[in-house]
Amino acid sequence: MQQFAEYSHAIASLGLWALLSLILAGLSTKGRTPENRCDCGKPKRDYANAVYRADRAFMNAIENSGPFIAATIAAILAGAAPFWVNFFASVFIVSRVAMAIVHIRTENQPARSAMFMIGFVCVVGLSLLAVIAAF
């Protein structure tokens, strides 16, 4: 729709978020063996194990989906400044891709935390844009 054309990057970010979540879902099931699983089927808590880290990357993405999607859609529907909505949504996606890579491939907690905080700030920014635009 033409009325949402100004928010193309934010809308594309929502689509990319869906794809990233699906990719992480697939990665979170790879490599599970009886030796590295709890009775519940989840990987045993062990950050040295890439299988556990992949599961945590997926669960972290799921935990952040609601706030990101809600804030982005609210900002778009409220008519918040397209530049900032697109900026925050795009930076969120980049930070989350980087976080997933760092989370799965390394045990680098400071880098993972930094990527999380960038995404967190983006969601807060989108939320504030939505609230300000609504009033």
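## Two helix pairs and a buried arginine

Helix 1 passes helix 3 in a left-handed crossing, meaning the near helix is turned anticlockwise from the far one by less than a right angle. Touching here (heavy atoms within 4.5 Å) involves, among others, Ser8, Trp17 and Leu27 of helix 1 and Val85, Phe92 and Ile104 of helix 3. This is a predicted model, where local features need pLDDT of at least 70 and side-chain atom pairs count only at pLDDT 80 or more, while totals for chains, interfaces and linings use all residues. Residues are numbered from 1 along each chain as its sequence is written, and side-chain values use heavy atoms, with hydrogens and water left out.

Helix 1 covers residues 8-27 and helix 3 residues 82-105; their axes come within 8 Å and cross at roughly 15°. The two are therefore roughly parallel (angles under 35 degrees count as that).

Now for the other pair. Helix 2 (residues 50-78) packs against helix 4 at about 30°, with the axes 8 Å apart. That makes this pair roughly parallel too. Their crossing is left-handed, and the contact includes Pro67, Phe68 and Ala71 of helix 2 and Phe116, Val123 and Leu126 of helix 4.

Stay with helix 4, residues 109-134, and look for Arg112. What is the nearest side chain of opposite charge to Arg112? It's Glu107, 7.7 Å away, and Arg112 has no salt bridge although it is buried. Buried means under 20% relative accessible area, and a salt bridge needs a side-chain nitrogen of Lys or Arg within 4 Å of a carboxyl oxygen of Asp or Glu. Leaving aside neighbours within four places in sequence, Arg112 is in contact with Tyr47, Met99, Val102 and His103.

Technical notes:
Helices (H or I, at least four residues) and strands (E, at least two) are DSSP runs, numbered from the N terminus. Buried means under 20% relative accessible area, exposed over 50%, partly exposed in between (1.4 Å probe, protein chains only). Lys and Arg count as positive and Asp and Glu as negative; His and the chain ends are not counted. Axes are lines fitted to C-alpha atoms, for helices over the stretch in contact, and angles run from 0 to 180 degrees between N-to-C directions. Angles under 35 degrees count as roughly parallel, over 145 as roughly antiparallel, 65 to 115 as roughly perpendicular and the rest as oblique.
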